[in-house]
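Me: I'm new to this structure, so please go slowly. I'd like a close look at a single part: the surroundings of the ligand, and then whatever helps me place them in the rest of the chain.

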Amino acid sequence: MKVVVIGSTGTMGALVVNQLGERGADVVEAHRGNGVDAQTGVGLADAVTGADVVVDCLNSLTQSASKAKAFFGTAARNIAEAAKAAGARVVCLSICNAADPAVNRRMGYYQGKAEQEAVYREVLGDRVTFVRTTQWFELGDTLGDQMALGPVAVMPHMVTAPLAASDGAVVIADAALGTAHRGKPVVEVRGPQEMDLLDVARASRTARGLRGAVVPIRFGGKALRDGSLIPDPADVVTPMTLEQWLAAKHA
Ligand SMILES: NC(=O)c1ccc[n+]([C@@H]2O[C@H](COP(=O)([O-])OP(=O)(O)OC[C@H]3O[C@@H](n4cnc5c(N)ncnc54)[C@H](OP(=O)(O)O)[C@@H]3O)[C@@H](O)[C@H]2O)c1
């Protein structure tokens, strides 16, 4: 089976490429560095020719609602049109409950993800599957490192059920290859324990030997703190705990 992974050099894209490769898929990697730009459409048609499935692992880091909607909406339309012309299905990586207006009201980035889902549904109907996951342990590091003021990191409380990105990649590969979740429009994925992502950032910084506190800031509205990020029910509860993730990372 030929699977094109768009955003193949990213945190999740690279893990999905490995998963698919290990399971014997014919994997095509696509990102701007190898001539495929999902924004302009350059290189897309060639990349998806002959594909059975296209996996969208794209990302753009912005909290501006207008920029996020423009990025995710434009890329989704270009990828969906190219996949449709090639007769391929799409598996798109998304975020649990981010498309819910009650959750994304103060989260411009999540509004971009809502736009991405809406465009795929409009163009592809039932030929798209959304694998929505909760926040990854890796995001604790990303947010803590991005928002550091000297030794002090700042980030919002995010009450979630985080997972290891590597466990998420298994579910995405299953959906792409049809080994599980066949025909499901949405697959909701969460990690094994509920916790605050801020505590994940603290634990990871301690494990990395970094000094300095992680200080909460108010950002994103109460949906980030009241459990609205956690899918109920979830289709998949992934196995790896924070302790196991930290142990594997620092082995
Ligand atoms: N972090 C989380 O906790 C979490 C949870 C659930 C879902 N997600 C979703 O997971 C997805 C992937 O996130 P990630 O952190 O793995 O991404 P990432 O590490 O930031 O990687 C983004 C990828 O997109 C590519 N890319 C960016 N702009 C492009 C363009 N115009 N054309 C083609 N490729 C482009 C990048 O490669 P080049 O720069 O080389 O083009 C890179 O391969 C996102 O949509 C995010 O919403 C994340």
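**Around the ligand**

Reply: Let's start with Asn-59: in this predicted model, one of its polar side-chain atoms sits 3.3 Å from an oxygen atom of the ligand. Thr-9 also uses a polar side-chain atom, and that one is 2.6 Å from a ligand oxygen. With Thr-11 it's the backbone instead: an N or O atom there lies 2.9 Å from an oxygen atom of the ligand. How much of the ligand does the protein cover? On its own, the ligand has 920 Å² of accessible area, and the protein covers 86% of that. If you step back a bit, you'll find 28 residues surrounding the ligand, and the closest are Thr-9, Arg-32, Leu-58, Tyr-109 and Lys-113.

Now slide along the chain to Ala-30, which is part of strand β2 (residues 26-30). Because its relative accessibility is just 1%, Ala-30 counts as buried. Leaving out residues up to four places away in sequence, Ala-30 touches Val-4, Val-5, Ile-6, Gly-7, Ser-8 and Val-36. For a sense of distance, try His-181: it is 151 residues from Ala-30 along the chain, and their C-alpha atoms are 24 Å apart.

One of those contacts of Ala-30, Ile-6, leads us into the largest nonpolar core. That core has 53 residues, and the members touching the most others are Ile-6, Val-54, Ile-79, Val-90, Tyr-110 and Tyr-120. Helix α3 (residues 65-86) gives the most to this core, eight residues in total. Have a look at Tyr-120 too: setting aside residues up to four places away in sequence, it touches Asp-56, Ala-76, Ile-79, Ala-80, Val-90, Cys-92, Gly-125, Val-128 and Phe-130. Apart from the largest core there's another one, made of 26 residues, including Val-16, Val-91, Trp-136 and Val-189.

Cys-92, which Tyr-120 touches, brings up the cysteines. How many disulfides are there? With a cut-off of 2.5 Å between sulfur atoms, the count is zero. Take Cys-57: the nearest cysteine sulfur belongs to Cys-92, 8.4 Å away, so no disulfide there by that cut-off. Cys-57 has 10% relative accessibility and therefore counts as buried. For Cys-96 the nearest cysteine sulfur is again that of Cys-92, at 13 Å, and Cys-96 is in no disulfide. Cys-96 counts as buried as well, because its relative accessibility is 0%.

Note on methods:
Residues numbered from 1 in each chain as written. Predicted model: local features only at pLDDT ≥ 70, side-chain atom pairs only at ≥ 80, totals over all residues. Heavy atoms only, no water. Core = buried A, V, L, I, M, F, W, Y, C linked by side-chain atoms within 4.5 Å. Buried < 20%, exposed > 50% of the residue type's maximum accessible area, 1.4 Å probe, protein only. Helix = DSSP H or I, 4+ residues; strand = E, 2+ residues; numbered from the N terminus. Contact = heavy atoms within 4.5 Å. Near = heavy atom within 4 Å. Polar contact = N/O pair within 3.5 Å; in protein donor to acceptor, adjacent residues only side chain to side chain. Areas by Shrake-Rupley, 256 points an atom, 1.4 Å probe, with all protein chains shown as cover.
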